[in-house]
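Me: Please take a close look at one part of this model for me, the central pairing of strands, and then follow the contacts outward from there. I would like one connected account that I can read beside the coordinates.

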Amino acid sequence: STGQQMAGTEDALSPLFERVQARAMGWPDTDGLLPWAAQDAQHAGLPATQGAWAWITPCHWQINADHVAMDHPAHLDLSPGDSEALRTAMQPYFAEDGITLHPTARAADAESDSDAAPHVTPALPRAVTWLAQGDILRDLPTASLARACGAKVDAWMPRAAQARSLRRLQNEMQMLLYRHPVNDARAARRQLPVNSFWISGTGSLPAPKVSAAKDVAPHASAAAIELHSDLQAAALRDDAASWVRAWQALDGGTIAPLLDRARAGQTLAITLCGERLAATLLLDNSRWWRRLQRRWTDPTLAALLDTL
């Protein structure tokens, strides 16, 4: 049966699939303030509830006559050593605005074949990303990497008053990185230079809810959520053949065991998410007459896919 539905818009800072994740974990649904970085800090043993946090992703900006576009940060294929050299060079400039850059495990994961952490923005599973901590980041709405990646960045730049310092930092980093040894070595290897950074994942983790008697049962954890974005990647490239192959891979690798669980009567929920709508499909174990009623009232799967 069709369960909860969520609507999205193309101009929202937080894409719909991130909002679905956030709601499943019990986070407030505030556009541009989903606390992915604070959650990373918590997992890394850093004081996630102290100060404010953000992701800083080194990236390549293509400067054109009338716009600036961001290349996919994962395509940089930064090594852990190069990532640390860049972070060390950039840290003093960030410190002038009270921001500390922390290395994260994602930098080391950039060259591994292990799966990304489930809470990581799925569009960029292997991009090198650092954690930033500083009061200037508090309550600063930022656009997801999934919005800016491969797009014109102008429309997605943060517009809050405190973001002026960050835009100045981006200009300073372009000058600093222009002749940095890491980029000199990349140029010799005919690789794109790192010439800017993107800020995202801002927001504060909600305080845990505790009752007088005992802790209230928590929402789903990130580890309980499986998110698959292969269809998204193919759709963004307008690659119909890859889109079909992605469905076939999902059918054989992900959906097949779920089908076995469904036949065994286990509780299941699958959310199909597009740009405009996310719809959750629930395994229906209700009485036969309720199932028959829903068969005539629920939209068909084909009709539902047309609305996403």
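Reply: What follows starts with one strand and its partners, then turns to nearby topics such as polar contacts, a cavity and the salt bridges.

Please keep in mind throughout that this is a predicted model. A suitable place to begin is strand S2, which spans residues 53-59 and is mostly covered, seven of its seven residues being buried. Trp53, Trp55, Thr57 and Cys59 point one way from this strand, while Ala54, Ile56 and Pro58 point the other way, and all of them are buried.

Strand S2 has pairing partners in S7 and in S6. With S7 it pairs in the antiparallel sense over five bridges, and two of the facing positions can be named: Cys59 stands opposite Ser196, and Trp55 stands opposite Ser200. With S6 the pairing of S2 is again antiparallel, here over four bridges, and in this case Ile56 of S2 stands opposite Trp130 of S6.

The partner strand S7 covers residues 196-200, and because five of its five residues are buried, S7 is largely enclosed by the rest of the structure. If you look at its two faces in turn, you will find Ser196, Trp198 and Ser200 on one side and Phe197 and Ile199 on the other, with both faces covered and each of these residues buried.

On the S6 side, it is worth following the side chains as well as the strand pairing. Thr129 sits in the loop between helix H4 (105-109) and strand S6 (130-133), and because its relative accessible area is 4%, under the 20% cut-off, Thr129 counts as buried. The side chain of Thr129 makes a polar contact of 3.3 Å with the side chain of Thr57, a residue that points from S2 in the direction shared by Trp53, Trp55 and Cys59. This loop residue is thus joined by a side-chain contact to a strand that also pairs with S6.

Within S6 itself, Gln133 is buried as well, with a relative accessibility of 18%. Its side chain takes part in two contacts that you can trace on the model: the side chain of Gln133 reaches the backbone oxygen of Gln50 at 3.1 Å, and a polar contact of 3.3 Å joins the side chains of Gln133 and His102.

Ser200, which we met opposite Trp55, also leads to the question of internal space. The model holds three cavities of 30 Å³ or more, and the largest has a volume of about 90 Å³. Sixteen residues would be tedious to list in full, but of the 16 residues that line this largest cavity, Glu18, Trp36, Ser144, Ser200 and Gly201 lie nearest its centre. By class, the lining comprises seven nonpolar, eight polar and one charged residues.

Finally, the charged pairs deserve a careful reading. Side chains of opposite charge can pair when their charged atoms come close. In this model the count comes to nine salt bridges, and three of them are described here. One joins the side chains of Arg168 and Asp97, at 2.5 Å from N to O. Because Arg168 lies in helix H6 (residues 163-178) and Asp97 in the loop between H3 and strand S5 (100-102), this pair ties together parts that are 71 residues apart in sequence. Arg168 is partly exposed, with a relative accessible area of 31%, whereas Asp97, at 18%, counts as buried.

A second salt bridge, between the side chains of Glu84 and Arg87, is also 2.5 Å from N to O, but its setting is local, because the two residues are three apart in helix H3 (residues 80-95) and so are separated by about one helical turn. Here Glu84 is partly exposed at 31% relative accessibility, while Arg87 is buried at 12%.

The third salt bridge joins the side chains of Arg23 and Asp29 at 3.6 Å, N to O. Both partners are partly exposed, Arg23 with a relative accessible area of 34% and Asp29 with 32%. This pair also belongs to a wider arrangement, as Arg19, Arg23 and Asp29 are linked in a network of salt bridges.

Conventions:
Residues numbered from 1 in each chain as written. Predicted model: local features only at pLDDT ≥ 70, side-chain atom pairs only at ≥ 80, totals over all residues. Heavy atoms only, no water. Buried < 20%, exposed > 50% of the residue type's maximum accessible area, 1.4 Å probe, protein only. Polar contact = N/O pair within 3.5 Å; in protein donor to acceptor, adjacent residues only side chain to side chain. Pairing = 2+ DSSP bridges. Salt bridge = Lys/Arg side-chain N within 4 Å of Asp/Glu carboxyl O. 1 Å grid on protein atoms, 1.4 Å probe; cavity = no way out; pocket = protein on both sides within 12 Å on 5 of 7 lines; lining within 4 Å. Points joined across faces, edges and corners; volume = space filled by probe spheres on them. Nonpolar A, V, L, I, M, F, W, Y, C, P; charged D, E, K, R; others polar.
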